Amino acid sequence: MTEAQDPPSPTPEDAELAGLVEMVRVAVGEADPLAAALLGAPLELPNPGEAPEAAALVRLGELAGDLDQLGVRADPDDELDRLAMMYGLRRAVAAARPYDPAGPALLERHLQLRLLRVLDHPADGLLSLVELIEAGPRLLLQSRRAPGRGSGPAGQLALESARRMPTLLDACAGAAREAEMRLRSRAEASLGALLQACAEESGWLLQEYLPAAPRVAQPGWLDPEWAGLGISLAALEAAAEAALAASVAELNGPLPPESGAVESEPADLDDVKEAWEAAAQVSARQWLAPPAEGAVALAAPPWLAPLLPPISLWQPGPRSPTPLHLLVANPGRAELPSLAGEVYEADFLPAAFQRAEVRMPRLLLPSPELQQGWRAHVRAHGAGPANWSTEMAWRAALALAAVAMTRGQATVDDAAGLIAAEAGLADDQALLQAMTVALRPLPALSFLAGVAAVTRALASGSPARLLAAGPLPGAAIATWA
């Protein structure tokens with residue numbers, strides 16, 4: 001099912017667009033060092049101060065306007081590059097909430113990436129990890145915002161992130177034990193201070209921020225067509241209602257026959273490799289020839305395993321020479337076929353094609369629609385465990401909650417009740433998800449937008465060609481198709 005194609009140019013042929021690509025690359029690197037690091041830049045510490053963040057948002061907004069004014073490009077690939085960057089910039093600016101406390105979540109993201117980088121580059125990775133641990137207390141203080149300008153839901157989400165921090169710092173301590181003595185001593189001396197700073201952050205959120213913050217969040221921004229989802233809000237609402245109804249009908253249908261006792265013995269690395277090869281063969285028959293690049297199976301170290309699912313894909317970056325890793329963290333042998341199939345088809349295939357073929361402009365601000373729509377496509381066709389209806393019910397409930405809260409038709413508590421009832425989540429989990437959707441409703445709609453865009457695209461093109469196009473927004477996928 002593959003199609004012969006010439007190797008793509010990494011950057012636009014159009015001189016004006018190429019100049020804007022470089023400006024966007026620099027601006028994104030300044031706004032988000034993690035995004036820049038995944039594209040090959042040095043991994044630097046963030047600057048979460050309010051003034052730098054405001055300046056970065058202004059610059060990103062200006063570049064989005066420049067790309068809009070540039071107009072449609074004659075070359076189809078150049079035009080896809082322009083759309084990918086323009087919509088990505090619009091989303092980044094519109095979704096920003098500069099008055100919300102973001103320190104715990106910011107620190108969490110940076111720690112997670114550095115822990116994974118230790119696997120491939122132990123010396124440099126450990127040094128970068130220790131430098132972040134040392135800077136952590138300062139980053140938390142710089143990220144605080146005046147309580148009266150944010151919202152209670154934002155404070156609650158920051159508090160949940162701070163409460164997860166001890167588990168993450170335990171992993172950091174485990175990684176540091178593998179460092180040479182000088183770095184190990186620096187890490188051990190700083191971990192206690194960072195743990196104390198996280199406790200103080202939780203106290204500040206509970207005692208100062210939350211009591212003074214508005215209980216109701218200002219509705220997050222939501223304009224799917226302006227943001228390039230490629231579908232209207234009314235159509236998304238209808239798609240969510242239809243998906244929810246179909247999922248509920250399937251969940252209420254007859255149960256599958258019992259298959260006997262589930263084997264619970266643990267799988268070893270050889271078992272995982274065998275299941276991975278079997279998944280590759282199934283995928284090649286059903287979808288497309290395997291990509292040139294494979295994934296290296298690696299047992300997750302004990303200090304990292306508690307943070308990971310049983311099998312997961314670690315991509316060091318779409319332009320990294322380091323191979324893709326299949327991280328193995330104590331899976332059971334009985335679940336291997338479904339786990340390996342899901343990770344291979346839903347995660348590995350898009351990542352492998354992205355590394356091999358996708359043009360750089362589309363990676364600067366990657367949109368999730370193609371990845372999410374592809375995931376829905378392969379799950380609906382049998383990849384992974386047999387709980388696809390449950391996941392779709394949850395996705396549809398999130399989308400309906402986003403629409404209702406943005407229109408002022410539901411409170412956060414109302415949305416939490418909807419999510420709990422339709423997705424079967426515990427009340428506390430549903431409330432956290434409703435808070436997240438209230439602050440950032442657009443991501444709740446991107447999954448269904450991706451499903452629609454990928455379904456249309458696959459009606460006229462092969463999976464290989466679609467995945468090679470890259471992480472495009474829904475409107476660009478429609479243009480591609």
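**Exercise 1.** Leaving aside its neighbours within four places in sequence, with which residues is Leu-119 in contact?

*Solution.* The model is predicted, so local features need pLDDT of at least 70 and side-chain atom pairs count only at pLDDT 80 or more, while totals for chains, interfaces and linings use all residues. Residues are numbered from 1 along each chain as its sequence is written, and side-chain values use heavy atoms, without hydrogens and water.

Step 1. Locate Leu-119: this residue is found in helix H5 (helices are DSSP runs of H or I with at least four residues, strands are E runs of at least two, numbered from the N terminus).

Step 2. Apply the contact criterion, heavy atoms within 4.5 Å. The partners of Leu-119 are Leu-298, Pro-301, Trp-303, Leu-304 and Leu-327.

Step 3. Determine the burial class. Leu-119 has a relative accessible area of 18% and is therefore buried (buried is under 20%, exposed over 50%, partly exposed in between, with a 1.4 Å probe and protein chains only).

**Exercise 2.** Determine how strand E3 is paired and covered.

*Solution.* Step 1. Identify the pairings, for which DSSP must find at least two bridges between two strands. Strand E1 (residues 295–299) runs parallel to E3, joined by five bridges; Ala-299 has Val-328 as its bridge partner in E3. Strand E2 (residues 311–314) runs antiparallel to E3, with four bridges, and Trp-314 is partnered by His-325.

Step 2. Examine the faces. In a regular strand, side chains alternate between the two faces of the sheet. On one side of E3, Leu-324, Leu-326 and Val-328 are buried, as are His-325 and Leu-327 on the other.
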